[in-house]
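Trainee: I am new to this structure and would like a close look at a single part of it. Please take me through the helix packing step by step.

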Amino acid sequence: MKTNNKTYHMSILALFIAIVIVQNFVPLFGYIPVGPLSITTIHITVIVAALVLGWKDGAFVGGVWGLITFIRAFVSPTSPIAPIVFTNPIVSIVPRILIGIVTAVVFYFVYKWWKNKTLAMVIASVIGSLVNTVLVLGLIYLLYHGQAANFYKVDMGQLLPYIMGLVVTNGVPEMILAGVVAPLIAAPLQKLVRKG
């Protein structure tokens, strides 16, 4: 029986990894252009994996996304700034791994405190999404402020307000999307995984 549970668990994990791979390579599936912005949806898959399978598997799925981001920055960049910043694994991989860890940990503690699974999922999803946005943009600012200022065509004094603007224009829609969609997917999947 234990072997069957482990096989079932590995199948679910493989499914999440497959979804992340598809989201990275099918146009408009993982990155949705909205005017001058690009709304990321891949983080939702990582968040759902963390809510359903726990922090280790959430971190692993996030790591797969980060590794793809890292490799694509060299061979097929998704944006002009990608070869500058995402060739650094601290920017491309670490924030993605932390999405899974933070989401699962926040879910655990919020659920333990309030005993409301839906509320815990919504809060964990929003914070997991925020981790990605803040860490990626924060690391770009800290490690690549000169190149980022040139890329965004702003002077150094305007870079921080510009980055904060990106947190609002990109990060807020991504947080709202994660807070709504991830719990809707994760809640029934949690029941299925526990039955398996």
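Trainee: Within what distance do the axes of α2 and helix α3 (residues 55-75) come, and at roughly what angle do they cross?

Mentor: Keep in mind that this is a predicted model. The axes of α2 and α3 come within 7 Å. They cross at roughly 160°. Angles over 145 degrees count as roughly antiparallel, so α2 is roughly antiparallel to α3. The crossing of α2 past α3 is right-handed.

Now look at the residues that make this contact. From α2 come I42, H43, V46, A49, A50 and L53. From α3 come W55, D57, G58, V61, G62 and W65. Sort the residues where α2 meets α3 by class, and you get eight nonpolar, three polar and one charged.

Before going further, place this pair in the whole chain. The protein has eight helices and two strands. Read from the N terminus, the order of elements is α-β-β-α-α-α-α-α-α-α. The two strands thus follow the first helix, and the other helices come after them.

The overall dimensions help too. The C-alpha trace spans about 60 × 35 × 25 Å along the principal axes of the protein. The radius of gyration is 17 Å. A compact globule with 196 residues would have a value near 16 Å, so the protein agrees with that expectation. Of the 196 residues, 44% are buried. Take the contacts between residues at least 6 apart in sequence: 68% of them join residues at least 24 apart.

Back to α3. Another partner of this helix is α6, which covers residues 94-114. The axes of α3 and α6 come within 6 Å. Their crossing angle is roughly 160°. The cut-off of 145 degrees applies here as well, so α3 and α6 are roughly antiparallel to each other. Here, too, the crossing is right-handed as α3 passes α6.

On the α3 side, the contact with α6 uses W55, G58, A59, G62, G63, W65, G66 and T69. On the α6 side, it uses R96, I97, I99, G100, I101 and A104. By class, the residues joining α3 and α6 are seven nonpolar, six polar and one charged.

Compare the two lists for α3. W55, G58, G62 and W65 appear in the contact with α2. W55, G58, G62 and W65 also appear in the contact with α6.

Zoom in on I97, a residue of α6. Leaving out residues up to four places away in sequence, I97 touches A59, G62 and G63. Is I97 buried, partly exposed or exposed? Its relative accessible area is 29%, so I97 is partly exposed. For a sense of distance, pair I97 with T7: they are 90 residues apart in sequence, and their C-alpha atoms are 23 Å apart.

Y108 also sits in α6. At 47% relative accessibility, Y108 counts as partly exposed because exposed starts over 50%. Try a second distance, from Y108 to I90. Along the chain they are 18 residues apart. Their C-alpha atoms are separated by 26 Å.

Follow the chain past α6. K115 is in the loop between α6 and α7. K115 has a positive phi of about 55°, although it is not a glycine. Most residues other than glycine have a negative phi. K115 is exposed, with a relative accessible area of 59%.

Next comes α7, residues 117-152. This helix packs against α2, residues 42-53. The angle between α2 and α7 is about 135°, and their axes are 10 Å apart. That makes α2 and α7 oblique to each other. The crossing of α2 and α7 is right-handed. In α2, the residues involved are H43, I47 and L51. They meet M121, A124, S125, G128 and S129 in α7. By class, this contact of α2 with α7 has four nonpolar, four polar and no charged residues.

H43 is worth a second look. H43 is listed in the contact of α2 with α3. H43 is also listed in the contact of α2 with α7.

Finish just beyond α7. K153 is in the loop between α7 and α8. K153 is not a glycine, yet it has a positive phi of about 55°. At 73% relative accessibility, K153 counts as exposed.

Conventions
Residues are numbered from 1 along each chain as its sequence is written. This is a predicted model: local features need pLDDT of at least 70, side-chain atom pairs count only at pLDDT 80 or more; totals for chains, interfaces and linings use all residues. Side-chain values use heavy atoms; hydrogens and water are left out. Axes are lines fitted to C-alpha atoms, for helices over the stretch in contact, and angles run from 0 to 180 degrees between N-to-C directions. Helices (H or I, at least four residues) and strands (E, at least two) are DSSP runs, numbered from the N terminus. Angles under 35 degrees count as roughly parallel, over 145 as roughly antiparallel, 65 to 115 as roughly perpendicular and the rest as oblique. A crossing is left-handed if the near helix is turned anticlockwise from the far one by less than a right angle, and right-handed if clockwise. Contact means heavy atoms within 4.5 Å. Ala, Val, Leu, Ile, Met, Phe, Trp, Tyr, Cys and Pro count as nonpolar, Asp, Glu, Lys and Arg as charged, and the others, Gly among them, as polar. The radius of gyration is taken over C-alpha atoms; the globule rule is 2.2 Å times the number of residues to the power 0.38. Buried means under 20% relative accessible area, exposed over 50%, partly exposed in between (1.4 Å probe, protein chains only).
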